[in-house]
Amino acid sequence: MQQRILIAVLAGLISATTSLAGAQQPTTTPKIKAVPIQPTSPASGEQMYKTYCAVCHGDKATGAGPAAPAMRIPPTDLTQLSQKNGGVFPADHVTTVLKFGVNNAAHGSSQMPVWGDLLGTLHSTGPETGTVVHQRIANLTNYLKQIQK
């Protein structure tokens, strides 16, 4: 059940009723639709970002993804992580967030999925599962480091 909720945030497609006749018609709050997690290469941080992160953080990682309007707290601008950390990319913090999620609303929305758990579901259970999840998180972290402004 927890996985299904997290997957909803992972690859949510927004189903919003929009006003075609102007401001007179009310709009509904955007909803995030649950879809299954899609497999990607553990070697490509960019591919994982586009598949798992861009729906909330946007194609340019600025926090403007299609699911962003449905969130209580806007997604973080991932291109500003180094700038907000005195010019140093916070790799350990990013890795921790990807592995365990966000517990402090000041550092991001608690709506963000726990990627360590979700990425583990892409592989059969066995001793190599943890290694592949670690590889995925490291490659995704390295990709985020590369896109810093």
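In this predicted model, H57 has a relative accessibility of 11% and therefore counts as buried, since the limit for that class is under 20%. The residue belongs to helix α2, which covers residues 45–57. When residues up to four places away in sequence are set aside, H57 touches Y49, which lies in helix α2 as well, and in addition T62, G63, A64, G65, P75, T76 and L78.

Confidence varies along the chain, and this bears on how the model is read. The average pLDDT of the protein is 78, and 73% of the residues score at least 70. Helix α2 has the highest confidence, at 95, whereas strand β1, made up of residues 13–14, has the lowest, at a mean of 30. Over residues 1–24 the pLDDT stays under 50, although the model has 53 contacts beyond four places in sequence for this stretch. Where pLDDT is low, the predicted coordinates should not be read in detail.

The count of aromatic pairs comes to two. In one of them, the rings of Y49 and Y143 have centres 5.7 Å apart and planes at 40°, so this pair is classed as tilted. Because Y49 lies in helix α2 and Y143 in helix α5, the pair ties together parts that are 94 residues apart in sequence. Y49 is buried, with a relative accessible area of 0%, and Y143, at 12% relative accessibility, also counts as buried. The rings of Y52 and W115 have their centres 5.4 Å apart and their planes at 40°, so this pair is tilted too. It links distant parts of the chain, with Y52 in helix α2 and W115 in helix α4 (residues 115–120), 63 residues apart. Both Y52 and W115 are buried.

The tyrosines of helix α2 reappear in the description of the interior. The largest nonpolar core holds 20 residues, of which Y49, Y52 and L144 touch the most other members. Two or more residues of this core come from each of α2, α3 (91–100), α4 and α5. In soluble globular proteins, nonpolar side chains tend to be buried together. The contacts of Y49, not counting residues up to four places away in sequence, are with A54, H57, G58, D59, A61, L78, L140, Y143 and L144.

A further approach between α2 and α5 is found at N139, a residue of helix α5 (residues 127–146). The C-alpha atoms of N139 and E46 are separated by 8.3 Å, although the two residues are 93 residues apart along the chain. Leaving aside neighbours within four places in sequence, N139 is in contact with P42, A43, G45 and M48.

Helix α3 shows how burial can be distributed around a helix. Its buried residues are V94, T95, V97 and L98, and because they cover an arc of only 160° around the axis, they lie on the same side of α3. An α-helix has 3.6 residues a turn, so residues three or four places apart point the same way. D92 and F100, by contrast, are exposed on the other side of α3. The cover over the buried residues of α3 includes α4 and α5. After α3 comes G101, whose phi is positive, near 85°.

A positive phi is also found at A61, where the value is near 65° in a residue other than glycine. A61 is located in the loop between α2 and α3 and counts as buried because its relative accessibility is 1%. This alanine is one of the residues that Y49 touches.

A search of the whole structure for disulfides finds zero. A disulfide is a covalent bond between the sulfur atoms of two cysteines. For C53, the closest cysteine sulfur is that of C56, at 8.5 Å, which is too far for a bond because a disulfide requires the sulfur atoms to lie within 2.5 Å. The reverse also holds, as the closest cysteine sulfur to that of C56 is in C53. C53 counts as buried at 7% relative accessibility, and C56 is likewise buried, with a relative accessible area of 9%.

How values were computed. Residues are numbered from 1 along each chain as its sequence is written. This is a predicted model: local features need pLDDT of at least 70, side-chain atom pairs count only at pLDDT 80 or more; totals for chains, interfaces and linings use all residues. Side-chain values use heavy atoms; hydrogens and water are left out. Buried means under 20% relative accessible area, exposed over 50%, partly exposed in between (1.4 Å probe, protein chains only). Contact means heavy atoms within 4.5 Å. pLDDT is the predictor's confidence in each residue, from 0 to 100. Rings of Phe, Tyr and Trp (its six-membered ring) pair if their centres lie within 6.5 Å; planes under 30 degrees apart count as stacked, over 60 as edge-to-face and the rest as tilted. A nonpolar core is a set of buried Ala, Val, Leu, Ile, Met, Phe, Trp, Tyr and Cys residues joined through side-chain atoms within 4.5 Å. The arc is that of the directions from the helix axis to the C-beta atoms.
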